[in-house]
Amino acid sequence: MEKKVLYLEDIRAGDEAPPVVVANITRTHIVKYAGASGDFNPIHHDELYAIRGGNDRVFAMGMMTAGFLSHMITDWVGDGKLRKYRVRFARQVWPGDTITCKGKITRKYTEGGKNSMEAEVFAENQRGEKVITGSIVAEVLNKPAA
Amino acid sequence: MPIQDLIGKEFPPFDLPVERGKIREFANAIGDDNPIYSDPAYAAGTEFKSILAPPTFVATKAFWRKGESVFELAGFDPHFRLHGEEEYEYYKPTLAGDVLTCESKITEAYEKPGRRGGKMTFIVLEFSFYNQKGEKVLVSRTTTIQTEGAVKQ
């Protein structure tokens, strides 16, 4: 499998990541993430419990969407290149939502012999509302001499 | 007890074994079909020589931690508990077969009025993960917010 590699010489501030879309979130997505992660807060899988807490229905764990977003990031910057990843959970993700994960480079720099890029990353729903906002720092390689 | 008194509270350290099957299950749950998470032959040909864990995999620490949780300690009601922020710093890759030792402590605890009325309580829990070679692998920080009612949007 051929992997696309980001090189310092080829990137610039403003460059955007190829988006990753997760269409039509279902309760099955949520239950799968609960089992995989160990987050069994019933507010995410027990409809009656969620309603008793004043919610219209169950909603996804923020960390599930942070996982979708990390998929976009690692496809973009490469495996093992992430140095910092920070997310803020802005809105709930509900069954039926479609989530699009995006990123944009804000800065690139070389420091102590290491190249880095900073990017803003976010996930938005089908109404264009941001459900997660965040930022990353990733290591970037120099382009090999031709 | 004033919430600020929780600052500095440490939790018992525990081990988080990084299992190949769990990595595959976790990658599947976040919809990531990258073969580095599931195909040993592919992974063997990479610089890591092994199946790699996705960036948020240490969320699975939930299966391994022991004793009273920070939420029990702070009296947080799971009905009204929100995950505010999550932050990671990565130092070394997390590989299948690693056993990470996790140390955790409360680094911040404070209250402030919510925008829609009611009190909001914030707790920041910092986790440090070390591998079986004693190397610091990553640090994560979780900000959890307790509200006095469900958040309406």
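In this predicted model, a β-strand pairing crosses from one chain to the other: S2(A), residues 82–89, lines up with S2(B), residues 81–90, in the antiparallel sense, and five bridges hold the register. One spot to look at is Val87(A), which stands opposite Glu86(B) in S2(B).

Follow S2(B) and you get to the strands of chain B. S2(B) is joined to S5(B) by nine bridges, again antiparallel. Glu89(B), for example, has Val139(B) of S5(B) as its bridge partner. S5(B) also pairs with S4(B), residues 119–130, antiparallel and with ten bridges; there, Leu125(B) has Thr142(B) as its partner in S5(B). Here are the three pairings side by side.

| Strand pair | Sense | Bridges | One bridge pair |
|---|---|---|---|
| S2(A) and S2(B) | antiparallel | five bridges | Val87(A) and Glu86(B) |
| S2(B) and S5(B) | antiparallel | nine bridges | Glu89(B) and Val139(B) |
| S4(B) and S5(B) | antiparallel | ten bridges | Leu125(B) and Thr142(B) |

S4(B) and S5(B) form a hairpin with five residues between the strands, and in it Gly134(B) takes a positive phi near 85 degrees. As for S5(B) itself, residues 136–146, nine of its eleven residues are buried, so the strand is largely enclosed by the rest of the structure.

Now for the interface as a whole. On the chain A side 41 residues are in contact with chain B, and on the chain B side 39 residues are in contact with chain A. The two chains bury about 3400 Å² between them, with carbon and sulfur atoms giving 53% of that area. Three residues stand out here: Ala36(A), Met63(A) and Asp79(A) supply 15% of what chain A buries against chain B, more than any other three residues.

The polar side of the interface has its own tally. Between the chains there are 13 residue pairs in polar contact, counting pairs with both residues at pLDDT 80 or more. Which parts of chain A supply at least two residues each to the side that touches chain B? The list is H1 (27–37), H2 (47–52), H3 (62–77) and strand S2 (82–89). H3(A) gives the largest share, nine residues. Sorted by class, the chain A side has 16 nonpolar, 13 polar and twelve charged residues. Salt bridges turn up too, three of them across the interface. In one of these, Arg86(A) meets Glu87(B), with the closest N and O atoms 3.5 Å apart.

For a single residue in H3(A), try Thr74(A). Is Thr74(A) buried or exposed? Its relative accessibility is 6%, so Thr74(A) counts as buried. Leaving aside residues up to four places away in sequence, Thr74(A) touches Asp79(A) in its own chain, plus Asp32(B), Tyr37(B) and Pro55(B) across the interface. Asp79(A) is also one of the three residues picked out above for buried area.

Finally, chain A as a fold. Chain A has three helices and five strands, and along the sequence they follow β-α-α-α-β-β-β-β. The C-alpha atoms fill a box of roughly 60 × 30 × 25 Å, taken along the principal axes. Of the 146 residues in chain A, 51% count as buried. Among contacts in chain A with a separation of 6 or more, 67% come from residues 24 or more positions apart.

Notes:
Residues numbered from 1 in each chain as written. Chains lettered and ligands numbered in written order. Predicted model: local features only at pLDDT ≥ 70, side-chain atom pairs only at ≥ 80, totals over all residues. Heavy atoms only, no water. Contact = heavy atoms within 4.5 Å. Buried area = accessible area lost by both parts, 1.4 Å probe. Salt bridge = Lys/Arg side-chain N within 4 Å of Asp/Glu carboxyl O. Polar contact = N/O pair within 3.5 Å; in protein donor to acceptor, adjacent residues only side chain to side chain. Helix = DSSP H or I, 4+ residues; strand = E, 2+ residues; numbered from the N terminus. Nonpolar A, V, L, I, M, F, W, Y, C, P; charged D, E, K, R; others polar. Pairing = 2+ DSSP bridges. Buried < 20%, exposed > 50% of the residue type's maximum accessible area, 1.4 Å probe, protein only.
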